[in-house]
Amino acid sequence: MTPIGINIHRSQQPPAPPTDEPVIGIDLGTTNSLVAIMSPETGKPVVLPGPDGSTLVPSVIAFAGSETLVGFDARRCATLQPQTTVFSIKRLMGKGLGDLGRELEFLPYHVVESSMTDLVRVQIGDRFYTPQELSAVILATLKRRAEAHFGRPVTKAVITVPAYFDDAQRQATRDAGRIAGLDVLRIVNEPTAAALAYGLDREHDGKVAVYDLGGGTFDISVLRISEGVFQVLATHGDTYLGGDDLDRDVMRFIRARFEAARGHALGEDPRLLSQLREQAEAARIALSSGDRATVRLEVPGEPAFELELTRQQVEDLCSPWIDKTLEHCRIALRDAGLAGEDLDAVVMVGGVTRMPLLRQKVAAFFGGHVPLHTDINPDEVVALGAAVQAHVLAGKTRDLLLLDVTPLSLGIETMGGAVSKLIMRNTHVPCSASEKFTTFVDGQTSVKIHVLQGERELVKDCRSLATFDLRDIPPMPAGLPKIKVTFHIDADGILNVTAAEERSGRSASVQVTPTHGLAKAEIERMVAESIASARADLTAHRLIDLRNQADVDIRAIRKTLARVGDALPADERVKIEAAIADVERLAAGTEPDPLHKRLDELGKMTRRLAELGIRKTLME
Ligand code: AMP
């Protein structure tokens with residue numbers, strides 16, 4: 001049994017003073033997002049509806065001319081302008097192109113890899129957006145919804161993420177919050193939030209499974225809860241299994257009945273397909289409460305097609321999918337070292353868990369005696385739990401779940417004056433993190449490690465904590481040394497930074513107390529500044545990354561041109577020289593998008609040159 005993360009930790013520190021400022025709870029979902037708050041009237045969490053009365057904001061953004069649409073309005077654009085409508089952005093958070101593979105097949109919009117950071121961006125027209133910026137658009141909509149409710153600005157939030165999200169994905173979620181103008185007090189695991197909504201944090205020693213089947217993803221998490229401390233014992237699932245798969249099977253069934261009745265194919269007209277999808281989903285949902293549902297398709301040029309579906313038929317279609325989820329449950333239980341009967345409760349999350357057959361099968365799987373929690377709306381339960389956590393962090397509850405956390409992020413200086421963060425603000429201590437770096441010039445034998453604290457992206461805006469040198473690295477070409485930098489903060493808040501060059505075994509380290517001399521007001525100022533300048537800072541960081549990349553690329557291209565350039569036709573060499581000149585000019589400017597574009601073009605244009613260089617090296 002390997003504990004993979006402790007989510008909430010009871011602090012020994014005095015409780016946070018109550019703040020008057022509201023703290024909101026946000027479920028930033030793949031398909032839908034919601035915002036919840038603690039109701040002062042009832043003392044219970046509630047999800048806030050928008051002007052349309054719906055509590056859900058579909059996680060969709062559409063770029064229509066100069067307008068940016070979010071939610072239901074954006075979702076309507078998906079069929080008509082698939083290339084400028086962004087959905088499922090959560091799947092891209094903190095990912096590089098290499099991590100994606102299968103995801104790309106499902107996304108009609110253009111995804112490109114950023115140079116240097118290895119993270120993806122979405123290209124809409126000639127603009128590039130990071131997944132963080134796009135998620136920030138959704139978060140800003142939820143923030144405005146909360147502000148309309150309170151009649152005052154809202155700047156503090158708790159945001160949920162899947163238990164399996166890694167550090168990069170969690171960090172991307174935090175950045176999204178910052179861009180939207182939110183100070184993210186805590187990133188909470190979705191299953192933990194669901195358990196909090198049911199008040200399960202009060203268990204003395206409980207084991208709980210959270211079964212979450214949404215529109216596109218399935219997760220099962222097994223948690224141990226002991227007096228307010230949540231531990232994820234195991235998590236498993238499939239990021240491509242959800243209500244959409246059930247709908248596809250129901251669609252196939254309706255299509256086959258249509259074709260048998262009408263004697264011709266239904267065809268692939270996008271409008272007809274979108275009607276078919278809507279009808280299939282509506283019937284499937286209706287059959288969670290009724291026994292029969294009618295599907296009606298308006299087919300151009302012929303009479304409408306009507307078909308009655310029974311609950312039994314739809315259950316037969318859905319049953320294999322439910323069994324698939326149970327396979328994941330079996331693996332999660334095995335990883336947690338538990339049997340179904342060892343659990344004290346199963347919490348049901350996600351719209352599909354309203355299906356009676358699913359509930360029966362899940363109950364039977366866990367041994368029949370474990371209570372299934374289904375009372376809270378399964379679409380809202382995660383957001384409601386986030387609001388419970390938000391309320392705790394606002395210091396409004398006596399039943400404290402607090403954290404010993406780092407008050408500000410910690411990182412090191414990298415080329416060009418940017419900060420690479422290793423430990424994020426609000427990470428609970430003790431903790432460790434490491435990352436690999438390399439040299440920038442050939443034959444470099446020492447590197448300066450500059451340790452910084454703060455939320456901003458550039459060195460000049462952060463607090464300098466210490467510097468030390470890693471010396472006697474054997475001379476190597478730039479990019480070859482592997483320097484592993486490790487940050488470790490112990491339970492007393494003392495930071496130890498070590499830098500080790502892996503090929504030569506050289507290492508050096510320094511110890512500092514990051515909170516030394518840091519007043520609460522200063523922490524607040526640094527956080528507030530980082531929020532105010534989030535967009536400008538990220539642009540500046542990106543520009544530095546692109547300039548570094550341009551520098552490395554141009555040096556490599558010039559070297560190769562000198563070696564094998566003669567083998568290229570003269571006009572191709574002229575084109576490359578012109579592109580290099582453009583990149584140099586753009587790198588001296590302040591706009592990252594055109595530089596990114598021209599740098600990508602230069603990369604494509606010099607592929608043949610690079611191949612010639614490799615061939616020459618092989619022959620030498
Ligand atoms: P979520 O991602 O949690 O919002 O879940 C959305 C999914 O739940 C969609 O696939 C919906 O079709 C499905 N869903 C919502 N209500 C029901 C219901 N009553 N019965 C079955 N599936 C439902």
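**Helix 6, the cores and the domains**

User: Happy to look at this predicted model with you. Why is helix 6 (residues 190-197) largely enclosed by the rest of the structure?

Analyst: Good place to begin! Buried here means under 20% relative accessible area, and E190, P191, T192 and A193 meet that description, as do A194, A195, L196 and A197. Helix 6 is largely enclosed because the buried residues number 8 of the 8.

User: Which residue just after helix 6 takes a positive phi?

Analyst: Helix 6 covers residues 190-197. Just after that helix, a phi of about 70 degrees is found at G199.

User: Which domains does the largest nonpolar core lie between?

Analyst: This core has 50 residues, and Y211, I254, L309, L343, V346, L358 and F366 have the most contacts inside it. Helix 9 (residues 311-336) gives the most to the core, with 9 residues. Since residues come from both parts of the chain, the core lies between domain 2 (24-242 + 318-394) and domain 3 (243-317).

User: How many residues are in the other core, the one with L48 and F63 among them?

Analyst: That core lies apart from the largest one, and Y129 and L134 are also among its residues. Its count is 42 residues.

User: What distance separates the centres of domain 1 and domain 3?

Analyst: The chain is divided so that domain 1 is 9-16 + 405-532, while domain 3 is 243-317. Taken over C-alpha atoms, their centres are separated by 57 Å.

How values were computed
Residues are numbered from 1 along each chain as its sequence is written. This is a predicted model: local features need pLDDT of at least 70, side-chain atom pairs count only at pLDDT 80 or more; totals for chains, interfaces and linings use all residues. Side-chain values use heavy atoms; hydrogens and water are left out. Buried means under 20% relative accessible area, exposed over 50%, partly exposed in between (1.4 Å probe, protein chains only). Helices (H or I, at least four residues) and strands (E, at least two) are DSSP runs, numbered from the N terminus. A nonpolar core is a set of buried Ala, Val, Leu, Ile, Met, Phe, Trp, Tyr and Cys residues joined through side-chain atoms within 4.5 Å. Domain bounds come from an automatic or database domain assignment.
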